[in-house]
Every structure is written in C-alpha cells, then in structure tokens.
Amino acid sequence: MLYWDYAAAAPPYEEVVQTMEQIMKQHYANPSSLHRAGTEADRLIKRSREVCAAALGVKPQEILFTSGATESNNLAVKGAALQYQSRGRHIVTTEIEHPSVYESCLQLQNMGWEVTFVAPDSSGMVEPSRIAAAVRRDTVLVSVMHVNNEVGTVQPLLEIGRLVKAANHRTLFHVDGVQGYSGFEPRMGEWQADLYSLSPHKIRGPRGVGLLYVREGVTLFPLLTGGSQENGLRAGTENVPAVVASAKAVRMCGERRDQFNHVMIPLRNRLLKFVAGIPELKINSREDGAPHIVHFSYPGMKGEVLARKLEELGMVVSTRSACSSRLAEPSRILLSMGRDVSTALGGIRISLGDSHTEADIALLEQALLKAVQALKIVEGGMR
C-alpha cells in the first residue's frame, strides 16, 4: 500500500519516535513538581519552547503547548473573543476554514457574537480587500488559514494582515498554519499575525500535542482552568514526551523545507498534469497551490467510491479533511468555491510527503487511470 494522506496525518520521523520513547522512559515526572525529576522535566519543556520559537522566528515566551491544533484554534478564536469582548463582539473569517475554526465561530455566533464569513473565489482564494472591507470598529478577531487543508490554496497573508491592521489596528489576526508550515516559512512579523496555530502530526511529529503562537502583549481567556501551566492559559500536566518530540519535528521540518519543496513541487506538477488529462476528472487545486496537495473531483461519482477503488489498487487517499471525511454531505469547501453538488460529493484529496518518489507517482497514476476506467464502466451500466 502507498500512503497519500500526509495532510491528515504524516508518519513520524524515526528520530521523533526515538526521542519520544527515550523521554517516556527517562523523564516521566510531572514538570510542576518541585523535586529534581520534576525540575528536569520542566527544563525539557522550556528547551522545547526555545526550539519551536527559533523555528518560527518568535520569542520562547510566545509559544504555548496544547493538545493539538484543534485546541490551538479553539483557544485562539474563543479565547480572543471572550477576552476582548469589551472591544466588540464581531469576528471575521472565511467560508473555507478548518472545522476547528469554522465551528468555533458558529459556536460564538450562537452565543451572541456576530460573525462575517467571507466567500472565496472559484479557486479557493480569498480576496484580501473583501476581508478588510468586513472589518469594523467592533471587530475583535480575523482568522484566516494559510493553506486550505482540502484543496491546498495558499492565502495572501501578507496583504490580508496589512489591510486588516490598516482597517483596525486593534483587531487581532489569527493564522491557522497547520497545512502551511511544511512548505512555507512562517513570517509572523510581516504578516502582522498575533496568533498562529501549528500541528506537529502534520509535519511528521507526534499526535496529541499542538502549538499556538501568542504574540507578546496579547491575552487570551483560558478555556481550560485548574492549573498555572502555560502561563495560566492552558491548565493541565504537560505531555513532556510529545512536547519534546514535537520540537524535534518542528525543527527538522523547518531545516528540510527547501528540500521538501524541491522534491514535492515537480511531483505535484506531474500529478496535476496527469489528472488534467483524464476527461472524467475535474481539478479543484490551483497550479500555484501548496506543494503537497492535489485535489480533484469525479462529478457524478461519490468520492468514497473512487477512494475505495484506489485502495483496492494499493493507494490510500482521502476524500477531504480527516475531520470531515466520514460525513456524507457535499464538501463545504467545494460548495463555497462554487462547485455544484455533484462535484462537491466527488472530491478526492491526494497529499504527498517527502518519502514519495517519481516511481510512486507513476504507480499512483496507473492506479488512478484503472480506477476511473473501472468506475466509468459501472457508471455507464447504471444509466
């Protein structure tokens, strides 16, 4: 089986696995304990914070460890809204955000906040001027993902951040960087980002841990209370092995980013060209999208049917975000991009990793062609 679902969960680096195993065996004490073993565990947390801060180009005290990017996004959105509601109760985001941002905004909307959901164009790009036009005096937060997790569109964060701050300098700008970190260097200062979420298990790190950059001077309303961990913003005993292993993954991913792009971009371009040559398929990803995501649809054929056929042929692919893949309804992202229901039901996401080769792509292409031809016969017989 060849695995093509790195955007959902990437296999961890062997070095990450070894690090996590070592820490689990040797440093199991609670970092909040005052004895020597606890102090050593706390030192490892601090060192991990420094490593992650260096990789993101920020200060160690601006790095917050969570249980995952879903918690990071929830804390960024709801923590900002609750903390700064005296400034207003209005939030701006887009129609194509990850569920952890989108549903956080819906939850706040049900609690009385006003949320403006900005629609993308047909390629999944959100026009910066439309986001800025939605910003008001009472806008507390703007939240925009760097790379769309389904179709791979890269948002123009530099322009978005500039226009948001020009419209209201007190409005906080949150970036969901989960799918962007592997291919793009984070630029908090240039983006004027106040908050940035990251998920180590998308970049070959462990699960059950996440990062949230919180710019110095920004305060969030804690969603979890009961302890003073993480500067009082996130109570709970730290997952020391996962935190240390995550720091290693974040560092390794940053150091290998140029090589990642050097390998991924030609592979992605080849796959895009191949898919474009199959009449039954419709590409949903932009040519200048993220280097690791290719998304297309088979209109009239449910995505899970094509995914199962590909799995029979040895290829593991996804239909959409893993957080939504078990839902039977059409893709919210594709509908927002103006696709019809038939196309939105037939989506397939292929996400590449740095272990893939030209030979792997060739095998995927062969399997894809066989799968489409087989389903075309079935489809014809049903008419």
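Helix α2 (residues 36-56) packs against helix α8 (residues 240-255) with the axes 9 Å apart and an angle of about 25° between them. That angle makes α2 roughly parallel to α8, a label for angles under 35 degrees, while over 145 counts as roughly antiparallel, 65 to 115 as roughly perpendicular and the rest as oblique. Axes here are lines fitted to C-alpha atoms, for helices over the stretch in contact, and angles run from 0 to 180 degrees between N-to-C directions. The helices and strands themselves are DSSP runs numbered from the N terminus (helices are H or I with at least four residues, strands are E with at least two).

The model is predicted, and local features need pLDDT of at least 70, side-chain atom pairs count only at pLDDT 80 or more, and totals for chains, interfaces and linings use all residues. Residues are numbered from 1 along each chain as its sequence is written, and side-chain values use heavy atoms, with hydrogens and water left out.

The crossing of α2 and α8 is left-handed, meaning that the near helix is turned anticlockwise from the far one by less than a right angle; clockwise would be right-handed. On the α2 side the contact is made by A41, L44, I45, S48, V51, C52, A55 and L56, and on the α8 side by V240, V243, V244, A247, V250 and R251. Contact means heavy atoms within 4.5 Å. The residues of this contact between α2 and α8 comprise 12 nonpolar, one polar and one charged. In this count Ala, Val, Leu, Ile, Met, Phe, Trp, Tyr, Cys and Pro are nonpolar, Asp, Glu, Lys and Arg are charged, and the others, Gly among them, are polar.

**The sheet**

Seven strands form an open sheet in the order β2-β8-β7-β6-β5-β3-β4, with mixed pairing. Its edge strands, each paired on one side only, are β2 (63-66) and β4 (114-118). On average, neighbouring strands of the sheet are turned by 20° against each other, direction ignored. Two strands pair if DSSP finds at least two bridges between them.

Strand β8 (residues 210-214) pairs with β2 in the antiparallel sense over four bridges. Within that pairing, F65 stands opposite L211, and T66 has G210 as its bridge partner. Strand β7 (residues 195-198) also pairs with β8 in the antiparallel sense, over four bridges, and here L195 stands opposite V214.

Five of the five residues of β8 are buried, so the strand is largely enclosed by the rest of the structure. Buried means under 20% relative accessible area, exposed means over 50%, and partly exposed lies in between (1.4 Å probe, protein chains only). From β8, G210, L212 and V214 point one way, and L211 and Y213 point the other way.

**Helices across the sheet**

Helix α4 (residues 99-110) lies across β3 (90-94), β4, β5 (139-145) and β6 (172-176), and runs at about 145° to β4. Helix α6 (residues 157-167) lies across β5 and β6, running at about 160° to β6. The buried residues of α6 include L157, I160, G161, L163, V164 and K165. Among the elements that cover the buried residues of α6 are α5 (128-134), β5, β6 and α7 (188-191).

**Loop residues**

Four residues in loops are listed here with their accessibility.

| Residue | Loop | Relative accessibility |
|---|---|---|
| Y28 | between α1 (14-26) and α2 | 69%, exposed |
| Q192 | between α7 and β7 | 32%, partly exposed |
| L223 | between β8 and α8 | 35%, partly exposed |
| N231 | between β8 and α8 | 64%, exposed |

Two of these residues have a positive phi without being glycine. For Q192 the phi is near 60°, and for N231 the phi is about 55°.

L223 touches N74, L75, K78, G79, L82 and L233, leaving aside residues up to four places away in sequence. From L223 to I333 the separation is 110 residues in sequence and 28 Å in space, C-alpha to C-alpha. Y28 and G314 stand 286 residues apart in sequence and 40 Å apart in space, again C-alpha to C-alpha.
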